[in-house]
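Here are my notes on the model, point by point. Please read them with the structure open.

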Amino acid sequence: MRLRQIEIFYHVFRAGSISGAARDLHVSQPSVSKVLRHTEDQLGYALFHRHKGRLTPTREAEELYREAEDLYGRLSTFNQSLENIRDRKGGHLRLAVLPSLSLSVGPNLVAMLRESEPEMSVELTTLHSQEFAPALLEKRFDLCIGFSDAADERIANANVGNGSLALVSGKALAEVGEKPDLRILDGQDYISTSETGPVGEIVSSSLTERQISPREVARAHTYHVAVSLARKQIGFAVTDQFSAYSQLGSGLHRYLLTELPMFPLVASTLADHPYRDLIDTTVGKLGQIVSDINSAIARMQPPGP
């Protein structure tokens, strides 16, 4: 079936009549009827039972409709993309960030880009680290922002700053001092995460090296979920600072674990990206955002003893 035939079939199925499909498509009834008859002749079986002007789908049509609906939906998305491209004036950037950065770094970057270029359009999506390299190589995104390099010789990685780990609690920790460290977790209820990469490795190795054994009572698959569980006072959580100090963590008790190693923030893009100037400008703004966030978090820390 050609795209036009699929389109006719899709609308006839939805409308239940030739006249309804013609009205939806803004074409004549004879043209719809002709295409539908030709399609059935090609296929060698009927798609609709005809009775008093109404069309009832056959079992074959019911089966085909599920596929046609998916295909037609993708075609509609494609046509919308064509219109979006036509209407763009200030460029278009497709960004992917880790879920940890989706409530802080990502939105701040979009806002800064739009402020400097009001005509620009931006697409912001969350991906996990292992998805970055395929997404860039398949040219689904222009820039990916995470905590480690996207490992491929065709990808250029730029360090745009560093981040720290933070202890998150639903309860105040005044009784253990103003700046608790990782040892507070020993024997305490703990929300672990399944996050891998440099951040997860720092937490895991630090607990092992210091012989700290928290009591795992819950496991989260993202740091944002860990923060939400900590809010319910289920236990302590250790997350990246961007999750801990995002709007999701507002109102919680959060402390930077300055005794632990920092981790990098990395912007990854194709080394031969055609819009190098736009990428370089974006990476520069990203570095400024990370610096501003780090400064703001530092000001929120409790004073020393």
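1. Helix α1 has a long list of buried residues: Q5, I6, E7, I8, F9, Y10, H11, V12 and F13. Buried here means under 20% relative accessible area. Keep in mind that this is a predicted model.

2. The geometry of α1 checks out. The helix covers residues 3-15, which makes 13 residues. At 1.5 Å a residue the expected span is 18 Å, and the end C-alpha atoms are 18 Å apart, so the two agree. G16 follows α1 and has a positive phi, near 80°.

3. How do α1 and α2 pack? Their axes are 8 Å apart and the angle is about 120°. The two helices are therefore oblique to each other, since 65 to 115 degrees would count as roughly perpendicular and over 145 as roughly antiparallel. The crossing of α1 with α2 is right-handed. On the α1 side the contact uses E7, I8, H11, V12 and A15. On the α2 side it uses I18, G20, A21, D24 and L25. By class, that contact divides into six nonpolar, two polar and two charged residues.

4. L25 deserves its own look. This residue sits in helix α2, residues 18-25. Is L25 buried or exposed? It is buried, because its relative accessible area is 14% and the cut-off is under 20%. Leaving aside residues up to four places away in sequence, L25 touches E7, I8 and H11. Its C-alpha atom is 9.9 Å from that of V12, and the two residues are 13 apart along the chain.

5. α1 also packs on helix α3, residues 29-43. Here the axes are 9 Å apart and the angle is about 110°. That makes the pair roughly perpendicular, because the range for that label is 65 to 115 degrees. Q5, I8 and V12 of α1 meet V32, V35, L36, H38, T39 and Q42 of α3. The contact of α1 with α3 has five nonpolar residues, four polar and no charged. I8 and V12 are listed in the α3 contact, and both are listed in the α2 contact too.

6. Another helix pair is α5 (residues 105-116) with α10 (residues 276-299). Their axes come within 10 Å and cross at roughly 125°. α5 is therefore oblique to α10. The crossing of α5 and α10 is right-handed. From α5 the contact takes V105, N108, L109, M112, L113 and S116. From α10 it takes T282, K285, L286, I289 and I293. Seven of the contact residues are nonpolar, three are polar and one is charged. The spacing within such lists has a simple background. An α-helix has 3.6 residues a turn, so residues three or four places apart point the same way.

7. Two backbone angles should be checked. Most residues other than glycine have a negative phi. K139 is not a glycine, yet its phi is positive, near 60°. K139 lies in the loop between α6 (129-137) and β5 (143-146). Its relative accessible area is 57%, so K139 is exposed; the cut-off is over 50%.

8. Where is Q211 found? Q211 is in the loop between α7 (197-209) and β9 (215-220). Its phi is positive, about 55°, although Q211 is not a glycine. At 68% relative accessibility, Q211 counts as exposed.

How values were computed: Residues are numbered from 1 along each chain as its sequence is written. This is a predicted model: local features need pLDDT of at least 70, side-chain atom pairs count only at pLDDT 80 or more; totals for chains, interfaces and linings use all residues. Side-chain values use heavy atoms; hydrogens and water are left out. Axes are lines fitted to C-alpha atoms, for helices over the stretch in contact, and angles run from 0 to 180 degrees between N-to-C directions. Helices (H or I, at least four residues) and strands (E, at least two) are DSSP runs, numbered from the N terminus. Angles under 35 degrees count as roughly parallel, over 145 as roughly antiparallel, 65 to 115 as roughly perpendicular and the rest as oblique. A crossing is left-handed if the near helix is turned anticlockwise from the far one by less than a right angle, and right-handed if clockwise. Contact means heavy atoms within 4.5 Å. Ala, Val, Leu, Ile, Met, Phe, Trp, Tyr, Cys and Pro count as nonpolar, Asp, Glu, Lys and Arg as charged, and the others, Gly among them, as polar. The expected span of a helix is 1.5 Å times one less than its number of residues. Buried means under 20% relative accessible area, exposed over 50%, partly exposed in between (1.4 Å probe, protein chains only).
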